[in-house]
Amino acid sequence: MLPAPEVVERALRASRADEAMVIVTDAHEASLRWAGNSMTTNGSSVARDWAVVAIFRNGPNAARVGSVSSTSVDPADIEYVVRAAEEAARTAQPAKDAVPLLDPAAVAGDTLDLVLDWEGTPATTDIGVFTDLARDLAVGFDGADRLYGFAHHQMHSTWLGTSTGLRRRWVQPTGSVEINGKRGEGSDLASAWVGTGTTDFADVDTPALLAELARRLDWSKRRVELPAGRYETLLPPSAVADLMIYMAWTMEGRGAHEGHTAFSRAGGTRIGERLSAIPLTLYSDPSAAGLEYRPFVATPSSSESLSVFDNGLSAQRTDWVREGVIESLVYPRATAAEFDAPVTLPGENLLMAGGSEASLSDMIARTERGLLLTCLWYIREVDPATLLLTGLTRDGVYLIENGEVTGAVNNFRFNESPLDLLRRVSEAGRTEITLPREWKDWFTRTAMPALRIPDFHMSSVSQAT
């Protein structure tokens, strides 16, 4: 298999288009699965995914684009993929996002030197990364609770090269572990979930995860049936992350200007509108400690959020909501020019700050009567105009009475908008790195506080466990 930098250079040399870009990602992955207190499967894999983007110009802001992806590792296929991309470009419709490609000088001097080690080899992983996790899980397997779960580690090394001379490389580590515990049978079955994100598993405290799992299962000894309604509810960081991620995915500038999203307002967007009296800041930052992500664009195709013409463009910290006020929407360069807005890239992490230093336990202790959720599941959009979402609670909803968790209640279907939740939040706790349950397969790098919602809408009772 040719080294990735050589694939980039060969493809660029083979190109007959006016301009070309090549993106190569080498992925090394490892996984571990367990069920019923026994390890079941483990394995590792190596794969390459690469793409050629061909551009034919009719002017600085007029172009046709073709993109072809491949997983082949045969050097003979390089020219075939290049020609296929060129043919796709010749027959494509004019690109609405066409702007000049970035000149290397435009990104020279970035605080992150992304050209270093261009010739470096791919980062690797294997099942050895799970050694400590497996040892600590074995202790849990000796207990009475039945444990199920999955751990996954990825090392994605990406090379980007363009015909303008731009060269960028990034290594992205991504890891997660989820543990589901079950106790009892039939109508007495209790289920609880814990999870965490990581880059290398060295910071995963498995005994603490198992202890929290056991605590939640202990809470389930008493069962209480509650009807649908509005309840004071504590959302833990994981549930907050799932809701905020969905909101962040809808923050496209074009859609807001054209009246298609919840961020639209007559004559423009809702930038500048206050959402929360609490000075919460929702932001993305490629240099956030422990949550770093690739700080430049590397996309084989364009969307409302990303443009192939922006490949290589540096990402910076972006405040989506600053101290309770909507601050930014996503604008690729062409969209930014069209709407006279600042160029803003979507983030691959999401953090919320501005709450107190209260832990979730502190917030429970200050609750007279309310609900504590664990996580949300099967989240779907009901109304894009208001960003109304629906979904289910899962793996533990608990009743809080006089500052203590006194039992488990039935699950619910909820109907809520993340925008409305930010308007109604009455308390935000300490920000913690957390793993979203619903969107973990697409978005793992989050840090959120727990939130207190005075009137969270449980629209119906659910029979899900």
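Here are a few exercises on the predicted model shown above, each with a worked solution.

**Exercise 1. Work out how the radius of gyration of the protein chain compares with the globule rule.**

Start with the make-up of the fold: the protein chain has 10 helices and 22 strands. Next, take the radius of gyration, which is 24 Å. For 465 residues the globule rule gives 23 Å, and the two values are close, so the chain is as compact as a globular protein of that length. To round off the picture, look at the C-alpha trace, which spans about 70 × 55 × 35 Å along its principal axes.

**Exercise 2. Find what share of the residues is buried, and what share of the contacts joins residues 24 or more positions apart.**

First, burial: 56% of the 465 residues in the protein chain are buried. Then turn to the contacts with a separation of 6 or more; residues 24 or more positions apart account for 74% of these. Now for the outside. The accessible surface amounts to about 19500 Å², and carbon and sulfur atoms own 50% of that. Finish with the charges: there are 43 positive and 62 negative ones, and their mean positions sit 3 Å apart.

**Exercise 3. Classify the aromatic pair of Trp 377 and Tyr 378, then decide whether each residue is buried, exposed or partly exposed.**

A pair of aromatic rings is described by the distance of the centres and the angle of the planes. The structure holds 10 such pairs. For Trp 377 and Tyr 378, the centres are 6.2 Å apart and the planes make an angle of 55°. Stacked needs under 30 degrees and edge-to-face over 60, so this pair is tilted.

For accessibility, remember that buried means under 20% and exposed over 50%. Trp 377 has a relative accessible area of 30%, so Trp 377 is partly exposed. Tyr 378 comes in at 43%, so Tyr 378 is partly exposed as well.

Elsewhere, ring pairs tie Tyr 246, Trp 249, Trp 439, Trp 442 and Phe 443 into a cluster.

**Exercise 4. Locate Glu 323 and Asp 395 and say what is notable about phi in each.**

Begin with the background: most residues other than glycine have a negative phi. Glu 323 has a positive phi, near 50°. Glu 323 sits in the loop between β12 (318-322) and β13 (325-326).

Asp 395 isn't a glycine either, yet its phi is positive at about 55°. Asp 395 belongs to strand β16, residues 388-401. Last step, burial: the relative accessible area of Asp 395 is 2%, so Asp 395 is buried.

Key
Residues are numbered from 1 along each chain as its sequence is written. This is a predicted model: local features need pLDDT of at least 70, side-chain atom pairs count only at pLDDT 80 or more; totals for chains, interfaces and linings use all residues. Side-chain values use heavy atoms; hydrogens and water are left out. Helices (H or I, at least four residues) and strands (E, at least two) are DSSP runs, numbered from the N terminus. The radius of gyration is taken over C-alpha atoms; the globule rule is 2.2 Å times the number of residues to the power 0.38. Buried means under 20% relative accessible area, exposed over 50%, partly exposed in between (1.4 Å probe, protein chains only). Contact means heavy atoms within 4.5 Å. Accessible areas come from the Shrake-Rupley method with a 1.4 Å probe; for residues, only the protein chains shown count as cover. Lys and Arg count as positive and Asp and Glu as negative; His and the chain ends are not counted. The place of a charge is taken as NZ of Lys, CZ of Arg, CG of Asp or CD of Glu. Rings of Phe, Tyr and Trp (its six-membered ring) pair if their centres lie within 6.5 Å; planes under 30 degrees apart count as stacked, over 60 as edge-to-face and the rest as tilted.
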